[in-house]
Amino acid sequence: MSIYTLGIDIGSTASKCVMLADGKEIVSKSLISVGAGTSGPQRAIAEVLEKANMSKEDMAYVLATGYGRNSLEEIADHQMSELSCHAKGASFLFPDVHTVIDIGGQDVKVLQIENGVMTNFVMNDKCAAGTGRFLDVMARVLEVKVDDLGMLGAKSTKRVAISSTCTVFAESEVISQLAQDTDKCDIINGIHHSVAARVAGLAHRVGVKDLVVMTGGVAQNAGVVGALQEELGHTIHTSPLTQYNGALGAALFAYQRYLKEQK
Amino acid sequence: MSTEILLNEFKEVSEHPYKVLSQYKQEGKKVIGVLPYFAPVELVVAAGMVPMGIWGSNNKTIALAKEYCATFYCTIAQLALEMLLDGTMDQLDGIITPTICDTLRPMSQNIRVAMSEKLPCIFLAHPQYRKPAFGLQFTVDQYTHVKKELEKISGTAITDEALREAIKVMNRSRAARRAFVKLASDHCDVITAVKRSAVLRAAWFMEPAVFAEKLEALNAELAQLPVADWKGKKIVTSGIICDNPKLLQIFDDNQIAIAADDVAQESRSFRVDASEEGDPMMALAQQFADQDYEILLYDEHSNQNRRGEFVANLVKKSGAQGLVLFMQQFCDPEEMEYPYLKKALDEAGVPHIKLGVDQQMRDFGQANTAIQAFAEVL
């Protein structure tokens, strides 16, 4: 009989769940596009269980992570930081990973990994620059969907320099460019490189070593991934499970902890 | 007195310094506000007055001070002025304004202008070259100015004898705090990060002799306890200030104890004693000259990265597994020094994290994640 574990990643902008069988096979997953402090966590949990046709009681161990990890005491057996969970998830998907870059809704993290274990990390300061929130703000000003940024940026023929690090000042720059009838795609290209430059600066603090993996929702934006590859000079690997990476790591840790507690 | 009663007393003082100030005034005592860093509080004590440290506030929001301050002033300085402007510190009889950093220098003048009708402001400029004879004499001259101004406020002359007694009191307080830091590490199951901070913070608000006596009593109680069989992690803290209970609670929640510190408001303020013999003014000047491994003071051998090595060694000697640096926003000296500290820590194999903080932070979600992740790495 299989052992089922559940990883729940409550981020600032999305709630994600991954259910594993025996710590290796993904049985079910869910994603709700609202995060901590909303109905998102409960909806994501309900959905992942429903998809697998299981109940909470079928879970051998539940582990919460993410910004809202402390709000799930009723359901979670344990909670861990999302940094450890992202390291775990990335190591599962890419066993040779040494650097993980996670761009989330409100923060950026760069993790150094040795033999599948996080050995060092760096996070952004209290600033939205380089985060998913930065892209949200820019998409709103440009009147495009944030999910379309990657596709639109790929159509750019020349890059517009967005030099301000501060989100507010960068927004002013974008508005100024729009007022000058600059092509939106070129502006978006500039925005992607602005994010990449900021994240690369952070990554160099801990050192960048192949294999480099990018996780989090922003990893779905090919424009940012490409710009970051240019900035770092390293190939960046992503997975279709990029948004679920933290929850996957949480489910893997849940399985480990279950086995440890059984001994 | 039991450990719990003493700890509660320190906590009350730490959380409500304004009540303590009112109490002193009701008792007919004169109270002198003392801004950071290295003000000779011995002179205040020798004048028969109470020194009251002003290290900003974790509960107030900057509003009135904005009229005087550029946005890049640290919140400690801005909130100090805020409390002077909003009436919180109305009961003070005077204030000493040291000028060691680029923020405190102009701030001393902002305070002087803002308080011109309200409060005597005593300007104090420490010398950059504090060790040579001319530097020592400069410090004596500056302290003599402070002494004269305090004498005007207190209405009594500060005798050499009274100053020597004050030095003894402060040496006793410093010795008790140094002993407490070691005991707090040994008994980190009892002295949590929050409690440790409250004790050390209370030193800035309590009458020094009373504080020393109570802390010696607490130390005696702690010394009786068996050394903690600590299963959690131990770290060293570094930075200008780290006294927000909500932030420190994250350490306690994650089973992280503080083995030692390199914090300006804590150990960096009581590492060096003053001589109890000879000319007491020169003894205070020499005490300032003897301050070392200090970001805010000139180090002619800074190219040797002595301070970085000192902090790395502090981590190793204290038995800590890593260091958490609380980087005060807009603190130029700390930010400028960080790359050298990082280099020394990396070379010594000491893991560390840097957390950006300011006194207007109300949400510690990101700090919580970073501290928990650091504990998981350790």
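**Figure 1. Surroundings of A:Tyr244 in the predicted model.** A:Tyr244 counts as buried because 24 C-beta neighbours lie inside 10 Å; a residue is termed buried if 20 or more other C-beta atoms lie within 10 Å of its own, exposed if 12 or fewer, and partly exposed in between, with C-beta atoms placed from the backbone. This is a predicted model, in which local features need pLDDT of at least 70 and side-chain atom pairs count only at pLDDT 80 or more, while totals for chains, interfaces and linings use all residues. Residues are numbered from 1 along each chain as its sequence is written, and chains are lettered from A and ligands numbered from 1 in the order in which they are written. A:Tyr244 is placed in the loop between strand 10 (236–237) and helix 8 (245–262) of chain A; helices (H or I, at least four residues) and strands (E, at least two) are DSSP runs, numbered from the N terminus. Apart from its neighbours within four places in sequence, A:Tyr244 is in contact with A:Lys16, A:Val18 and A:Lys29, where contact requires C-beta atoms, placed from the backbone, to lie within 7 Å. A:Glu231 is 13 residues from A:Tyr244 in sequence, and the two are 25 Å apart in space, C-alpha to C-alpha.

**Figure 2. The hairpin of strand 2 and strand 3 of chain A.** Strand 2 (residues 15–21) and strand 3 (residues 25–32) of chain A run antiparallel and are joined by seven bridges. Within this pairing, A:Leu20 has A:Ile26 of strand 3 as its bridge partner, and A:Cys17 has A:Ser30. Three residues separate the two strands of the hairpin, and A:Asp22 in the turn has a positive phi of about 55 degrees.

**Figure 3. The five-stranded open sheet of chain A and two helices lying across its strands.** The strand order is 3-2-1-4-5, with mixed pairing; two strands are taken to pair if DSSP finds at least two bridges between them. Strand 3 and strand 5 (78–79) of chain A are the edge strands, each pairing on one side only. Helix 1 (residues 40–52) of chain A lies across strand 1 (4–10), strand 2 and strand 3, and runs at about 145 degrees to strand 3. Helix 8 of chain A lies across strand 1, strand 2, strand 4 (61–65) and strand 5, at about 140 degrees to strand 1. For these angles, axes are lines fitted to C-alpha atoms, for helices over the stretch in contact, and values run from 0 to 180 degrees between N-to-C directions.

**Figure 4. The setting of these elements within chain A.** Chain A contains eight helices and ten strands. The C-alpha atoms of chain A fill a box of roughly 65 × 35 × 30 Å along the principal axes. The radius of gyration of chain A is 19 Å, in agreement with the value near 18 Å for a compact globule of 263 residues; this radius is taken over C-alpha atoms, and the globule rule is 2.2 Å times the number of residues to the power 0.38. Buried residues make up 53% of the 263 residues in chain A. Of the contacts in chain A with a separation of 6 or more, 68% are between residues 24 or more positions apart.

**Figure 5. A parallel open sheet of four strands in chain B.** The strands are arranged in the order 6-5-7-8. Strand 6 (256–263) and strand 8 (352–357) of chain B form the edges, and each pairs on one side only. The average twist from one strand to the next is 25 degrees. Seven bridges join strand 5 (residues 233–239) of chain B to strand 6 in parallel, and B:Val236 has B:Ala260 of strand 6 as its bridge partner.

**Figure 6. Helix 14 of chain B and the contact with chain A.** Helix 14 (residues 365–377) of chain B has 13 residues and reaches 18 Å from its first C-alpha to its last, close to the expected 18 Å; the expected span is 1.5 Å times one less than the number of residues. Ten of the 13 residues are buried, so helix 14 of chain B is largely enclosed by the rest of the structure. Among these buried residues are B:Ile371, B:Phe374 and B:Val377. The contact between the chains takes ten residues from chain B and 14 residues from chain A. Helix 14 supplies eight residues, the largest share of the side of chain B that touches chain A. That side divides into four nonpolar, five polar and one charged residue; Ala, Val, Leu, Ile, Met, Phe, Trp, Tyr, Cys and Pro count as nonpolar, Asp, Glu, Lys and Arg as charged, and the others, Gly among them, as polar.
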